Amino acid sequence: MGQPLNPIEETVLSEKLRLYAPPMLIPKLLPPKFCWYSGKTTKFKKYPSVRSSSKDCLQAAYQSKRSPEYKADYCNEGESEALPYVQTLREIPKEELAAKVVMVRFDGAILLKEEINRSSQSVSNAIFTIKYICEAGGKVILVSNWRKKFNSKLLDTESAADTLSSLLQHKVVVLQCISSTVPLKMEVLNKADIFLLENLSDFKEEVANCLNFAEVLSSGVDIFVNDSFSLSHKILASTVAVARFCSAHVVGFHSEESLDQLRKAADANRKPYIAIVGGGNLYDKAAALHFLASKCDGLVFIGMMSFQILHALGYSVPSSLIEPKAHKAAEDIIHFAHDRNIPILYPKDFWCVNDHRPNQMEVLPAHGIMHGWSPVDLGPRSLDEINSLLIKCKKIIWIGPLKFKLSSTCVDGVSKLAQILGELSKQTCDVTVVGNMACKAIMMESSSLLDCNMIESASVVWEFFKGRKLPGIMALDRAYPFEIDWSSVYNDPAQPLVVDIGSGNGLFLLGMARRRKDLNFLGLEINKKLVRRCLDSVHQSSIWNGHFISTNATTTFRSIVSSYPGELVLVSIQCPNPDFNNPEHRWRMLQRSLVEAVTDLLAQDGKVFLQSDVEEVAVRMKELFLKYGKGRFTLSGDRSNTKIDKEAWLKENPFRVRSDWEQHVLDRGAPMYRLMLSKSPNAE
């Protein structure tokens, strides 16, 4: 007697004994009702949810829920197009980092600057990212860009390595492999635990996001960690292209904390919520200001932008303070705020300096700055009005510097504003401070440091508020934002699991669920409407071993399936849509990261079923699994006693349950290209 069959082989063999039965039809679908279906819920894992709206370029409105449970089955609100949830270094078990080569893209402006404040949360998190990997037994390759403006002592890569060695209290060895024609030899990594690559500022391929350069950069690397949040809005080879050549791409502790703060900044769940806006370039930031005006209960302008608001309101403003092209944009902001019935507060007075006598300063009304005088700081009346408004707030964001064209050491509007916010943060007010200058001012108030949320990179926040995607974040592995309560999804969550990636209208999965009550079935589908309909059908048919989730399985498969308590015994990928107009993305759904996730999570002797009506798509899927499956997959058509043709394609669907597209293809007399792969521990 041979070994007992696993559930999937048993299915294949038992179906051979039956006459072919047409796929079971799904009951007529009812229109989805959001509150009607209550049988299956998921819980928040860490963050509140994000919703995208088609009415605005961003509209990342955070929805506060009355209950800690939320029906993510019906609408996957956990992922905004502009700021998706991503995998973090924290989520990788330490044992999986052992003996791995991990590239950390760190922020040189944080770890290489001349005077480092070790009490800064950004510095401590950035250091922790590197030490965490080392303590887990991983080899760390550090990569970044730096200039002398960071640190006058940074003469070359060796001096940067010395600076990092002192900071990390761990020897950092220079690794010259980017400009070298000799490929990196893995035995070199045995000489130390932390290495530093050459300065990326010396390579034009970095800003060109060159794929060949990124491939060299990531040579021998297993895991990529992006811990340079300040560059998230830029397209660079070391943050975007490099992710294509590593098996996992995650954020480090510094970037994770910054992303958390960014989500909090966009969250308008506490009212009143006031935005304090400094800096200039109103025209360029108009979209971001509209976003703030749509979320907040008032805008307070304190920097150069305040003069554009004054000018748009009809006040006399010196021509030297007027920003070209900003007038119409300022009027639009004022009208938008008026329509929402929220106030716009602008300075009523300024400290001004005499252009010809720099030591002469006076407080002048905002609408009466005389010729020959220039504003340098907020006046006392303005600060009093700001204080009176903010004292009633539950949430405040300060973004942009309080500075003008001239600066003076004699004024202290920044420190006074920091004191106001510091005191409010100690009470019940949620304060977020954005930008280097604002963060430094808050850090001067050491007693309030821990009470404020701080994001040092204002550029990233402005880009996010404009509704633009952050390329450095979009390139990373996604994380499903909810913790799934499997016991409420399935009657028996310990049963073996079958996952259909790209489940469409669920015809295949629902038919399988009806036939095999001893297995649980999960459909992962990016189309929310189809998922809603499938869940309706599950509910109407009282199927308690079938479930569907709206998600991008390419990026969230590992996050979702790794939490399932039972074994994963089968993964099917059927008829992914080929994009022949864009060869770079022709098989977008099946990528290396997904293949490796399936390989890692699939049980021994588990199966992967692949099929397509386009032969080259099927061939490509097979090649990707054989290439990136870590040598664990073999063709298993002969093991299941299923007939194969001379090209090694399965002649029949071994499950005798067809998807709607497969049925459509066969009805028109066209062929399907199918194959079954089996995972084996002895196939190395």
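What follows is a short chat about a predicted model.

Student: What numbering and cut-offs apply here?
Tutor: Residues count from 1 along each chain as its sequence is written. The model is predicted, so local features need pLDDT of at least 70, side-chain atom pairs count only at pLDDT 80 or more, totals for chains, interfaces and linings use all residues, and side-chain values use heavy atoms, with hydrogens and water left out.

Student: What does the pLDDT average over the chain?
Tutor: 82 (pLDDT is the predictor's confidence in each residue, from 0 to 100), and 82% of the residues score at least 70. Over residues 1-79 the pLDDT is below 50. That stretch still has 202 contacts (heavy atoms within 4.5 Å) beyond near neighbours in sequence. Residues 583-587 are also below 50, with 10 such contacts.

Student: Switching to the sheet. What is the strand order?
Tutor: β13-β12-β11-β17-β18-β19, an open sheet with parallel pairing. Strands are DSSP runs of E, at least two residues, and helices are runs of H or I, at least four, numbered from the N terminus. Pairing takes at least two DSSP bridges.

Student: Which strands stand at the edges?
Tutor: β13 (344-345) and β19 (452-455). Each has a single partner strand, so one side of each lacks a neighbour in the sheet.

Student: How many bridges join β11 to β12?
Tutor: Three, between residues 273-277 and 299-301. A275 stands opposite L299.

Student: And helix α15, mostly covered or not?
Tutor: Covered: seven of its eight residues (458-465) are buried, meaning under 20% relative accessible area with a 1.4 Å probe, protein chains only. Among them are W462 and F465. Just after α15, G467 has a positive phi of about 95 degrees.

Note on methods
Buried < 20%, exposed > 50% of the residue type's maximum accessible area, 1.4 Å probe, protein only.
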